[in-house]
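Reader: I have a model open and would like to learn how to read its parts with care. Could you take me through a few of them?

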Amino acid sequence: MKSTILLVEDESSIREMIAYTLSKSGFDVLQAETPTEAFSQIADHNPQLILMDWMLPDQSGIEIIRRLRRENYTKNIPIIMLTAKSEENDKVWGLEAGADDYITKPFSPKELIARIQSLLRRANTEVADKVIKAGNIILDPNNHKVTVDGRNVSLGPKEFKLLKFFLTHQNKVFSRNQLLDSIWGQNTYVEERTVDVHILRLRKSIKSESTNYIQTIRGAGYIFSA
Ligand code: CA
C-alpha cells in the first residue's frame, strides 16, 4: 500500500520539487502552504508522515509540531523538519518540540527519500501492528480479527477502530467529542449521538459473560477497562 505524505512548505518552487520527488518514489503526496491547510489535510487524510518546513507564514513549523504532539490522534505521526538553517539550535528545538528527524536544505532527493523510508520503517515496527489483548478480548490489527472469550467477532470498520482505540487507551474517560475526533477525524460533521450508536453496537458485539468492558460515565463519556 502507498504511504501518504503531507508536505507543508510555503515556497511553491520547493514544494513542487519535493512533491515531484515523492510521487516519483511511489508516495501519495498531500500539499499544504499554510498551517491552517496543514491541519485540515491532517484531519481529512490522516497522513503516515509529515514533512514540515521550518519557516511558514502565521506560525512556525515548531508551533505546529507542538500542537500535533498534544493531540491524541496526531501525536504519533512521524515528522521530518525541513530547515534552511544549519544552526544547531534550530535542530535541537525542532527535535525537542517533537520532530523525529530533520533535513537541511538544500538536500538531495535521494537523501530525503532515504530518511523518509527509514522513519516509516521505524514507525511501522513501533506500532508494529501488535496483537492487543485485554481481558478476554484479542484484537489482531493485521487481519482485522477480533475474538472475545475465544469466539470470533465480526465488527464494522468504525466499531473496529473504536475497539482498537479503547484497547490502546484503557482506563481513561473519553468524551463523545474526543471519540469523534479520534475515530471519525476532526473535520467531519458527525453528531455526538452517532458515537452512542456505534458504542452500542460495539458493546453488543464484544459482550462477555464475565466483563462489561465499556462503561458509560454520566455527563463525561465512556471508559474502557478490562
Ligand atoms: Ca518556508
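Reader: Which residues of helix H2 (residues 35-45) are buried?

Author: Buried means under 20% relative accessible area, with exposed over 50% and partly exposed in between (1.4 Å probe, protein chains only). In this predicted model, the buried residues of H2 are Pro35, Ala38, Phe39, Gln41, Ile42 and Ala43. Helices (H or I, at least four residues) and strands (E, at least two) are DSSP runs, numbered from the N terminus. Residues are numbered from 1 along each chain as its sequence is written. Local features need pLDDT of at least 70, side-chain atom pairs count only at pLDDT 80 or more, totals for chains, interfaces and linings use all residues, and side-chain values use heavy atoms, leaving out hydrogens and water.

Reader: What covers the buried residues of H2?

Author: Contact means heavy atoms within 4.5 Å, and the cover includes strand E1 (4-8), strand E2 (28-32), strand E3 (49-53) and helix H3 (61-70). After H2 comes Asn46, with a positive phi near 50°.

Reader: How do strands pair in a sheet, parallel or antiparallel?

Author: Strands of a sheet pair through backbone hydrogen bonds, and either direction is possible; two strands pair if DSSP finds at least two bridges between them. Here 3 strands form an open sheet in the order E10-E12-E11, with antiparallel pairing. Strand E10 (173-174) and strand E11 (214-217) stand at the edges, each with a single partner strand, so one side of each lacks a neighbour in the sheet. E10 and strand E12 (residues 221-224) pair over 2 bridges, and Phe174 stands opposite Tyr222 in E12.
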